[in-house]
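Me: I should like to learn how to read the features of a structural model in a systematic way. Could we begin with the exposure of residues and then proceed to packing?

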Amino acid sequence: MAAFAPASTAAQGDESHLPKATTWRQWLDREAWRKAIIAIPYLWLVFFFVAPFLIVLAISVGTSQVAIPPVVWSDSWPFGTFDNYVFLTEDDIYWQGYLNALKIAVISTFFALLIGYPMALGIARTSGTWRNVLLLLVILPFWTSFLLRVYAWIGLLGNNSWFNHGLTSILSTFFPFWVQGDHIQMMNTNFAVVLGIVYSYLPFMILPLYATLEKLDRTLDEAAMDLGSKPWQVFKDITLPLSVPGIVAGAMLVFIPATGEYVIPSLMGRGDSPMIGRVLADEFFQNRDWPVASSVAVALLAILVIPIMIYNFFQARSEGGAR
């Protein structure tokens with residue numbers, strides 16, 4: 001015992017400086033990078049989503065005033081009021097704005113899917129060299145200013161444009177009962193808004209669809225055709241069901257920003273039936289009613305986020321049941 005104790009003490013004395021470095025190295029190898037990588041997106045969400053949302057939520061329960069800042073809260077509990085949210089249900093302009101936004105967003109998402117799915121499928125079935133070229137052409141519009149592209153469509157759809165006169169001549173030749181006058185009224189219509197949204201957000205539909213379709217196993221198609229399935233049956237029974245995740249992702253990437261779109265409806269849409277993005281901007285910058293504008297923004301977020309959360313809940317539940 002007497003001989004064992006000094007050896008133990010000496011060993012502890014020799015290794016007294018090692019545990020800190022060893023522990024630090026182990027923590028750095030096992031925990032630090034994992035926690036840092038996980039923390040970065042959470043910090044991003046906190047600073048750029050949660051914090052701004054809480055500020056907008058706080059403004060929405062305030063009261064408008066002609067001062068700086070143009071909002072004030074009560075000095076006593078509950079410090080705020082929900083009158084702004086009640087006001088949204090009493091004025092038709094907000095209901096019409098929400099309904100117009102949802103209607104145009106649904107139509108735009110449908111046409112973006114209708115156009116984007118064949119394009120994504122064609123790119124996914126193309127050889128490597130041409131596939132890269134086609135993908136480049138899909139993302140090429142992003143190299144040009146969004147506002148410049150919208151103004152280009154304004155020039156094309158105008159009453160005196162060559163595009164309008166050419167289309168009018170073609171339609172008047174084959175469908176004379178559809179055309180009245182020397183031009184077709186395309187600007188300041190819902191058609192122009194849908195066209196602008198579909199053109200602007202079409203890459204957001206194509207790219208998720210391509211990412212899903214490119215990973216599909218082509219041997220499944222060959223096996224189905226060997227068993228007697230026709231090409232349209234192979235698409236209906238195999239390709240389309242397996243591409244549902246890409247369809248959902250692309251639809252969300254188009255539908256969500258299209259619902260709150262402001263620039264395209266303001267420049268190309270009708271003034272008598274504005275979308276909710278236009279109503280929201282007018283409340284902020286023209287009426288200077290920040291509480292009502294914040295209430296519009298919070299209600300719009302609830303309209304968009306709650307259905308997505310419900311969908312994700314049932315999807316996770318169904319996947320868990322399948323496992």
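Reply: Let us begin with a definition: a residue is buried under 20% relative accessible area, exposed over 50%, and partly exposed in between. Please note also that this is a predicted model.

Me: How does Arg270 count on that scale: buried, partly exposed or exposed?

Reply: Arg270 has a relative accessibility of 34%, and because that value falls between the two cut-offs, the residue counts as partly exposed. Arg270 sits in the loop between H12 and H13.

Me: Which residues does Arg270 contact, apart from its neighbours within four places in sequence?

Reply: A contact requires heavy atoms within 4.5 Å. With neighbours within four places set aside, Arg270 contacts Asn188, Thr189 and Asn190. A C-alpha distance can be read alongside the separation in sequence: Arg270 and Ala192 are 78 residues apart along the chain, and their C-alpha atoms are 9.3 Å apart.

Me: Asn188 appears in that list. What is the sign of its phi, and where is the residue found?

Reply: Asn188 has a positive phi, near 60°, although the residue is not a glycine. Its place is the loop between helix H7 (162–174) and H8. With 42% relative accessibility, Asn188 counts as partly exposed. Arg288 also has a positive phi, near 55°, and is likewise a residue other than glycine. Arg288 belongs to the loop between H13 and H14, and at 42% relative accessibility it counts as partly exposed.

Me: I should now like examples from within a helix. How do Thr239 and Pro231 count, buried or exposed?

Reply: Thr239 is in helix H10, and its relative accessibility of 3% is under 20%, so it counts as buried. Pro231 is found in H10 as well, but its 57% is over 50%, so it counts as exposed.

Me: What surrounds Thr239?

Reply: Beyond neighbours within four places in sequence, Thr239 contacts Tyr117, Leu121, Arg125, Leu213, Leu216, Asp221 and Val234. Asp221 can also be placed relative to Pro231: the two are ten residues apart along the chain, with 8.5 Å between their C-alpha atoms.

Me: How should one read the packing of two helices?

Reply: One takes the angle between the axes and their separation, and then the residues in contact. Helix H10 (residues 231–242) and helix H11 (residues 244–259) pack at about 50°, with axes 4 Å apart. H10 is therefore oblique to H11. Leu240, Pro241 and Leu242 of H10 and Val244, Pro245 and Ile247 of H11 make the contact. By class, these residues are six nonpolar, no polar and no charged.

Me: At what angle do H4 and H13 pack, and which residues meet there?

Reply: H4 and H13 pack at an angle of about 140°, and their axes are 7 Å apart. Angles over 145 degrees count as roughly antiparallel; the angle here makes H4 oblique to H13. In H4, Ile93, Tyr94, Gly97, Tyr98 and Ala101 meet Ile276, Val279 and Glu283 of H13. The contact of H4 with H13 consists of six nonpolar, one polar and one charged residues.

Me: Which residues of the largest nonpolar core touch the most other members?

Reply: A nonpolar core is a set of buried nonpolar residues joined through side-chain atoms within 4.5 Å. The largest here has 46 residues, of which Tyr94, Tyr98, Leu157, Ile197, Met268, Ile276 and Val296 touch the most other members. Elements that give two or more residues to this core include helix H4 (92–124), helix H8 (190–213), helix H13 (276–285) and helix H14 (290–322). H8 gives the most, with twelve residues. As for Ile197, apart from residues up to four places away in sequence, it touches Ile104, Ser108, Leu202, Ala258 and Ile264.

Me: How many helices and strands does the protein chain have, and what do its totals show?

Reply: The protein chain has 14 helices and two strands. Of its 323 residues, 29% are buried. Among contacts with a separation of 6 or more, 69% are between residues 24 or more positions apart. The chain exposes about 20800 Å², with carbon and sulfur atoms supplying 70% of that area.

Conventions. Residues are numbered from 1 along each chain as its sequence is written. This is a predicted model: local features need pLDDT of at least 70, side-chain atom pairs count only at pLDDT 80 or more; totals for chains, interfaces and linings use all residues. Side-chain values use heavy atoms; hydrogens and water are left out. Axes are lines fitted to C-alpha atoms, for helices over the stretch in contact, and angles run from 0 to 180 degrees between N-to-C directions. Angles under 35 degrees count as roughly parallel, over 145 as roughly antiparallel, 65 to 115 as roughly perpendicular and the rest as oblique. Ala, Val, Leu, Ile, Met, Phe, Trp, Tyr, Cys and Pro count as nonpolar, Asp, Glu, Lys and Arg as charged, and the others, Gly among them, as polar. Buried means under 20% relative accessible area, exposed over 50%, partly exposed in between (1.4 Å probe, protein chains only). Accessible areas come from the Shrake-Rupley method with a 1.4 Å probe; for residues, only the protein chains shown count as cover.
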